[in-house]
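Got the viewer open? Here's a short tour, one selection at a time.

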Amino acid sequence: MNIASICTRRIVTIDSAGTPVQAAGLMREQHVGALVVVRQTPEGPQVSGIVTDRDLVIGALASGRDRAGVTIGELASDRIVSVSEEDDLSSAIAVMQEGGVRRLLVTNAEQQLVGVVSLDDLMDACAAEMAGLAKVIRNGIEREVVESSNLPPPAPLVLRIPAMGTAGWGNAMA
Amino acid sequence: MSERLTVADICTRAVAIAHRSTPVDDAARLMREHHVGTLVVVDETEAGRVVVGMLTDRDIVASVVAKDLDPGLVQVGDAMSADPVCAHEEDSIIELLGNMRRKGVRRVPVVDLKGVLIGLVAHDDVLEVVAEELRLVVQAIESGRQREPFRRP
């Protein structure tokens with residue numbers, strides 16, 4: 001299972017010059033907890049970071065007059081932690097661990113942003129794999145039950161189990 | 001799960017709380033200080049702290065930041081989600097997971113019979129327990145594999 005198959009392709013962006021109010025509105029309308037922050041450069045728009053609902057709460061703590069002037073660029077974390085869409089689950093988990101983050105940007109072979117993958121997405125994928133494993137075991141048991149039901153029933157046997165602490169069969173039979 | 005773990009066994013007991021009358025900017029400061037994204041909102045009663053709501057960073061974004069309100073003038077009671085889904089301390093992990101899935105929540109306050117706050121349990125806490133159980137299963141398989149050559153040389 002690679003990241004391409006589990007990541008979210010819907011990316012909601014905001015310009016780094018945007019305001020917390022705009023960001024909060026986008027998060028609410030689009031039902032996302034994080035926005036990709038984009039900066040305009042002469043070469044075209046470029047990813048400059050990620051801003052989460054948590055960053056906005058911290059921004060809201062600024063006093064009244066300062067709050068009016070705060071831009072998303074100032075609140076966003078500018079550390080970009082990413083994985084390739086070709087990477088697998090375990091390498092994405094390792095990257096999250098190293099980066100101490102719960103969300104990764106996903107890039108394609110041309111280093112373009114194609115999606116976001118969150119810790120929850122990875123957990124879902126792991127759970128799906130475990131469920132698949134459990135199904136393999138269950139199917140195996142079911143097949144065995146079906147196959148053995150075609151056999152003739154075994155002749156009844158009378159077996160005795162030696163009592164605990166006795167010397168064994170000789171005593172038990174006596 | 002072995003020896004029937006209950007919610008009380010795995011929940012976090014140190015919980016950051018707020019009151020309905022707490023200003024939202026104080027609540028946000030609490031979140032920052034304690035490095036949490038959720039506060040349990042309680043009423044102080046004779047029985048103890050009774051859970052009345054939950055306030056997440058997301059609630060603050062939606063009800064205060066998006067409306068460009070002054071967080072010092074909004075009270076937690078007006079921004080919180082009231083009547084939250086709670087887990088009972090004696091609930092099993094399976095019951096907890098079923099509850100979380102049905103209600104679509106990831107973090108629930110744990111209460112006693114009177115609704116008094118005991119702790120907070122998140123799906124991360126459950127994952128830790130499950131991961132530990134899985135590790136034990138893997139260990140059992142491994143040790144079986146290691147014993148095989150001795151039993152059947």
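Start by selecting C126(A) and C7(A): the C7(A) sulfur is the closest cysteine sulfur to that of C126(A), yet at 15 Å it is too far away for a bond. A disulfide here needs a pair of cysteine sulfur atoms within 2.5 Å, and a search of the whole structure turns up zero over all chains. Now click on C86(B), which is in no disulfide either; its nearest cysteine sulfur, in C11(B), sits 12 Å off. Both cysteines are partly exposed (buried is under 20% relative accessible area, exposed over 50%, partly exposed in between, with a 1.4 Å probe and protein chains only): C126(A) has 32% and C86(B) has 29%.

A word on what you're looking at: this is a predicted model, where local features need pLDDT of at least 70, side-chain atom pairs count only at pLDDT 80 or more, and totals for chains, interfaces and linings use all residues. Residues are numbered from 1 along each chain as its sequence is written, chains are lettered from A and ligands numbered from 1 in the order in which they are written, and side-chain values use heavy atoms, with hydrogens and water left out.

Stay with C126(A) and add M123(A), A127(A), L127(B) and V130(B): these five lie nearest the centre of the second largest pocket, which has 34 lining residues. (A pocket is an open set of points on a 1 Å grid over the protein atoms alone, where a 1.4 Å probe fits, with protein on both sides within 12 Å along at least five of seven lines; lining residues have an atom within 4 Å of a point.) Which element gives the most to the lining? Colour α6(A), with 14 residues. The pocket holds about 1,300 Å³ of space, counted as the volume filled by probe spheres set on the points. By class, its lining has 23 nonpolar, two polar and nine charged residues.

Next, jump to helix α1 (residues 20–30) of chain A (helices are DSSP runs of H or I, at least four residues; strands are E, at least two). Its buried residues are P20(A), A23(A), A24(A), G25(A) and M27(A). Among the elements covering them is α3 (57–65) of chain B. Just after α1(A) comes H31(A), with a positive phi near 55°.

Last stop, chain B. Most residues other than glycine have a negative phi. H35(B), though, has a positive one near 55°; find it in the loop between α2 (24–34) and β2 (38–44). D83(B) also has a positive phi, about 45°, and lies in the loop between β4 (81–82) and β5 (87–88). H35(B) is exposed at 70%, and D83(B) is exposed at 72%.

Notes. Ala, Val, Leu, Ile, Met, Phe, Trp, Tyr, Cys and Pro count as nonpolar, Asp, Glu, Lys and Arg as charged, and the others, Gly among them, as polar. Contact means heavy atoms within 4.5 Å.
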